[in-house]
Amino acid sequence: IPVKILDDIADAIHERDNIYIASHIQPDGDNIGSILAMGLALLELNKNVFVLKSDIIPSDYLFLPGIEIIKEYKEITDLDLFIILDCSDIDRLGINKNLINKANFVINIDHHVTNTNFGGLNFVDSKAAATGELVFRIIEKLNIKFTKEIATNLYTAISTDTGSFKYESVTDKTHEIIAKLLRCGIDHSYINNKLYHSRSLERTNLLIESFLTLNTLADNKAAIVKVTQKMLNRTKTKMEDTEGIISFVRDIDSVEVACLLKEIDDKETKVSLRSKSYIDVAKICEPFNGGGHIRAAGCTIYEDIGTSEKLISNILTEVFR
Ligand code: 5GP
Ligand code: MN
Ligand code: MN
């Protein structure tokens with residue numbers, strides 16, 4: 001990491017008082033963990049910190065320390081600094097998108113290959129395993145103490161974006177950061193139980209239902225699973241309860257690309273893609289104005305779920321031809 005960008009970010013933070021922090025819609029662990037760690041750290045500097053809610057927070061993350069500082073604000077004035085984390089482009093900001101124009105200065109901190117560098121300062125490192133790693137560097141640069149609360153959030157950010165430190169994006173640097181976080185007294189076993197071993201019965205039923213729709217193609221190298229509104233009704237779950245389903249699809253031994261199709265309504269389907277070792281799924285999402293990472297990406301198709309499945313199936317068949 002170039003020292004200059006960290007210096008510039010530290011200067012920008014020191015010079016400003018009213019600081020807003022946001023991340024992307026359909027938040028994941030890296031999103032929530034990163035905005036909380038950044039928010040709690042800037043509170044240590046006695047800044048006026050506003051951590052913005054951009055969407056429903058999945059129940060998995062409600063245990064995180066400081067979660068109550070994520071709020072919706074009706075009236076936003078004096079936006080000295082807007083720090084945007086783990087967000088590849090401004091459309092992903094959802095309801096907070098218009099704040100980009102209201103902000104005196106924007107810092108964009110992210111690790112998506114498809115990041116559009118929309119900030120006044122752009123700290124974008126696609127080699128970082130999680131935005132949490134970049135937030136760690138900034139807090140370190142600012143000489144702020146890594147409290148147990150901050151460390152718990154950073155651990156969550158990095159763990160969730162690396163499949164518990166299993167993906168190829170993990171480096172020796174990742175483990176060095178985690179070692180430092182463990183020294184802050186975090187209870188990693190408790191965190192892991194909360195994150196990965198607390199699935200509700202309703203959610204388990206949704207997992208079962210979704211797997212009944214499993215379709216494979218290209219010699220079982222690609223697999224598609226669907227979640228419809230009917231399934232959510234039957235199992236008394238919400239769309240955010242689909243978190244984690246796709247990793248079970250990718251776990252199938254023959255599968256290189258896993259796909260989860262989520263029926264938003266009869267004109268909109270949310271697509272999630274994951275790959276195991278050689279297909280660039282961010283590229284597959286590009287024609288649909290989506291993006292993400294080489295091994296994890298997504299997009300929205302403005303068609304019903306059946307039509308969307310046909311479109312994606314055709315592309316996947318092509319990819320493996
Ligand atoms: P997920 O499948 O969990 O929704 O997202 C996987 C990855 O792809 C995440 O890093 C997410 O930010 C990115 N992603 C998902 N959907 C979209 C999208 O519609 N547009 C862009 N640019 N990125 C997306
Ligand atoms: Mn994310
Ligand atoms: Mn991330």
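A residue counts as exposed when its relative accessible area is over 50% and as buried when that value is under 20%. By that yardstick, aspartate 219 is exposed, because its relative accessible area is 66%. The model looked at here is a predicted one, and aspartate 219 is a handy way into its salt bridges. Its side chain meets that of lysine 221 in one of them, with N and O 3.9 Å apart. Lysine 221 comes out as partly exposed, since its relative accessible area is 25%.

That pair is just part of the picture, as a search of the whole structure turns up 15 salt bridges. One of them joins arginine 203 to aspartate 60, with an N to O distance of 2.7 Å. Arginine 203 belongs to helix α8, which covers residues 201–211, while aspartate 60 sits in the loop between β2 (48–52) and β3 (70–71), so the bridge ties together parts that lie 143 residues apart in sequence. What about burial at the two ends? Arginine 203 counts as buried, at 10% relative accessibility, and aspartate 60 is buried as well, with a relative accessible area of 15%.

Helix α8 also holds glutamate 209, which takes part in a salt bridge of its own. The partner is arginine 234, and the closest N and O atoms of the two are 2.9 Å apart. Because arginine 234 lies in helix α9 (residues 229–235) and glutamate 209 in helix α8, this pair links parts that are 25 residues apart in sequence. Here the two ends fall into opposite classes: glutamate 209 is buried, with a relative accessible area of 18%, whereas arginine 234 counts as exposed at 53% relative accessibility. Elsewhere, salt bridges join up into a network made of Arg137, Glu140 and Lys180.

Back at aspartate 60, there is a link to another helix. Leucine 195, a residue of helix α7 (residues 188–196), has Asp60 among its contacts. Once neighbours within four places in sequence are set aside, the other residues that leucine 195 touches are Tyr61, Phe63, Thr156 and Thr160. Leucine 195 is buried too, because its relative accessible area of 9% falls under the 20% cut-off. As for a residue further along the chain, aspartate 266 is 71 residues away from leucine 195 in sequence, and the C-alpha atoms of the two are separated by 32 Å. Aspartate 60 therefore has two partners in this account: arginine 203 of helix α8, through a salt bridge, and leucine 195, through a contact.

Notes:
Residues are numbered from 1 along each chain as its sequence is written. Chains are lettered from A and ligands numbered from 1 in the order in which they are written. This is a predicted model: local features need pLDDT of at least 70, side-chain atom pairs count only at pLDDT 80 or more; totals for chains, interfaces and linings use all residues. Side-chain values use heavy atoms; hydrogens and water are left out. Helices (H or I, at least four residues) and strands (E, at least two) are DSSP runs, numbered from the N terminus. Buried means under 20% relative accessible area, exposed over 50%, partly exposed in between (1.4 Å probe, protein chains only). Contact means heavy atoms within 4.5 Å. A salt bridge is a side-chain nitrogen of Lys or Arg within 4 Å of a carboxyl oxygen of Asp or Glu.
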